[in-house]
Amino acid sequence: MTRSHILFLNVSGIAVSLVLWEIAGRIVGPSLLAAPSVVIGTFLDLLFQGDMLRELFGSLRQMLVGFGLACIIGMPLGALMGRIRLVDALFHPWVSMVVVTSVAALAPLFILIFGTGFEFRVAIVFVASFGYIVLTAFHGARGIDPKIVDVARSFAVGPFESYRQVILPALFPYLITGARLGLIHAIRAMVMAEMFVLVGYGGLIFQSGQELSTAPLISYLVSLMAVSILANSVLGWTGRRLAPWYDSKMSR
Amino acid sequence: MNGGSSGAVAIAAPRKSGIDVLQRMTRKILPYAGSVILGLLLWQFAASFLPGVVFASPARVFEHLVGAFASGELPIRFAHSVQHMILGMLLALLVGIPVGMIMGRSETAFHMLNPVVTAIFSIPSVAFVPFLIIWFGIFFEARVALVFVMAVFDIIITVTAGARNIEPRIIQAAKSFGASRRLTFTRVLLPASLPFLMTALRIGAIRSVNGMITAELFFAAVNLGEYMEDASAAFDSAAMLSVVFCLALFGLLIQELIKYAETRLLPWHVRD
């Protein structure tokens, strides 16, 4: 299939969905489902009013703190787990536990511990993204071909140099993938936490559900979608830019 | 069995498997147990520094669990919660698997649907809660709907990726040997799909457990959600941790069960 053919299918798929949405919206009315033609006006209004973007970026800033902490702690931990059996044995059961635990169930508990402010949101985002970042780094580190490590050793490369020259480049695609996966869960957790305590962007979403039209609600969801897709492609682009071997490793 | 040589094998075999069991014990179970015990000790240690209302010690959580299980309250609530989880998950599988298979096997369908699925998937499922309230209210239907929304996209994406990666050679081989479309589907495509269908089931199940408790906290607080809200109102962190612990255990249990089923049903499929 050629590129233009694929592009045509992409565009027509989106167009068909929009038409179906428009028809459905016209039938049930904006109080149940606002049609795209209605949403676009509301969306532009909210965009120029400024509240929507301000709340969104405020929430994202807080999210980045939790997500950043999860990366700083999770990536080295995952890499160590993949290379050293003892570290793996010590941490793996608890990391699996964190991954399967639903962050929503932790929300009431975290409110008790941290209150409903900044720390609460950071903690929820951290817990939600941490496990995925660790496990992806773990699989990357464990899957490193022993041959390339042996080659480095045969050439008497020291442990620090072999880490920098061999392990890290081999690990890098997995770290980026882990960050992309973690980011998805971080955004999910951010919205969940904010909807729970009715602050920030999540609070905005929850409260817009009480309005007469669903157009503002859909507008908020569309902005969230745009940010999420943008962040994901920025990370993917960074991966390809910093490590040209990223795609060959991750294309499948 | 009667011959001398096979007798030697018969004697040697149990000894070998005995060593295997012992090795598996020391390699797998001991570190696991050690990690759990060490973690619990650390937790007990940390809890002794924090006020009990905020962060209960494992001993107190255990005490609470014994009480809640003895009175039957927690198991009954769990049984009620599982109902909407199962229904939502079944619906998600019913929709997600066919859609994923079509997207995975047809290039046209993939390129048409992929942007739409990616777009909706990138919206956090909880953000649909206001919508679900408008459409389904705040009771059983809404809970089923949230579980469905939370699980279905993960299932579609997993199945699509799996179906796209089916080795084309095995289908070509079937075609070369003159297999009909139906035969190719039942004898080649379906067995080749089972591994990623199991993966989709596993991911879907974990998302469903997640959706189950999220629904009960965000819609009308019932079952486990009510239990947590009551505990939160009473500053009872032991009760909250008990629920979190049970949910995590429940999730792990489902995951391990599906993994076990996978190794029994699909012995040819080697997992890493």
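Visitor: What is the helix content of residues 120-138 of chain A, and how far apart are their end C-alpha atoms?

Guide: In this predicted model, residues 120-138 of chain A are 100% helix and 0% strand, and the C-alpha atoms at the two ends lie 27 Å apart. The span is one of those that UniProt, in an unreviewed entry, annotates as "transmembrane region" in chain A. Another is residues 186-206, which are 90% helix and 0% strand, with 18 Å between the end C-alpha atoms.

Visitor: What does the "domain: ABC transmembrane type-1" annotation cover in chain A?

Guide: According to the unreviewed UniProt entry, it covers residues 56-236 of chain A. Over that range the chain is 88% helix and 0% strand, and the end C-alpha atoms are 22 Å apart. For chain B, UniProt lists residues 78-258 under this annotation, also in an unreviewed entry. Those residues are 86% helix and 0% strand, and their end C-alpha atoms lie 20 Å apart.

Visitor: How many helices and strands does chain A have?

Guide: Chain A has eleven helices and zero strands. Its C-alpha trace spans about 70 × 55 × 30 Å along the principal axes. Of its 252 residues, 48% are buried, which means that their relative accessible area is under 20%. Among contacts in chain A with a separation of 6 or more, 71% are between residues 24 or more positions apart.

Visitor: Why is A:Val28 called partly exposed?

Guide: The relative accessible area of A:Val28 is 39%. Buried requires under 20% and exposed over 50%; 39% meets neither condition, so A:Val28 is partly exposed. The residue belongs to helix H1 (residues 3-28) of chain A. Its C-alpha atom is 16 Å from that of A:Ser17, eleven residues away along the chain.

Visitor: What makes H4(A) roughly perpendicular to H10(B)?

Guide: Helix H4 (residues 85-100) of chain A and helix H10 (residues 237-265) of chain B have axes that come within 9 Å and cross at roughly 100°. Angles of 65 to 115 degrees count as roughly perpendicular, and therefore H4(A) is roughly perpendicular to H10(B).

Visitor: Which residues meet between H4(A) and H10(B)?

Guide: From H4(A) come A:Ser96, A:Met97 and A:Val100; from H10(B) come B:Phe245, B:Ala248, B:Gly251, B:Leu252 and B:Gln255. By class, this contact has five nonpolar, three polar and no charged residues. B:Gly251 is in the polar group because Gly is counted there.

Visitor: Why is H5(B) called oblique to H6(B)?

Guide: Helix H5 (residues 129-136) and helix H6 (residues 140-164), both of chain B, pack at about 140° with their axes 9 Å apart. Roughly antiparallel would need an angle over 145 degrees, and roughly perpendicular runs from 65 to 115. The angle of H5(B) and H6(B) fits neither range, so H5(B) is oblique to H6(B). Their crossing is right-handed.

Visitor: What is the make-up of the contact of H5(B) with H6(B), by class?

Guide: B:Val129, B:Leu132 and B:Phe136 in H5(B) meet B:Glu141, B:Ala142, B:Ala145 and B:Leu146 in H6(B). By class, the contact has six nonpolar, no polar and one charged residues. The charged one is B:Glu141, because Glu counts as charged.

Conventions:
Residues numbered from 1 in each chain as written. Chains lettered and ligands numbered in written order. Predicted model: local features only at pLDDT ≥ 70, side-chain atom pairs only at ≥ 80, totals over all residues. Heavy atoms only, no water. Axes fitted to C-alpha atoms, helices over the stretch in contact; angles between N-to-C directions. Helix = DSSP H or I, 4+ residues; strand = E, 2+ residues; numbered from the N terminus. Parallel < 35°, antiparallel > 145°, perpendicular 65-115°, else oblique. Left-handed = near helix turned anticlockwise from the far one by under 90°. Contact = heavy atoms within 4.5 Å. UniProt positions renumbered as here; feature names shortened; annotations may be inferred. Buried < 20%, exposed > 50% of the residue type's maximum accessible area, 1.4 Å probe, protein only.
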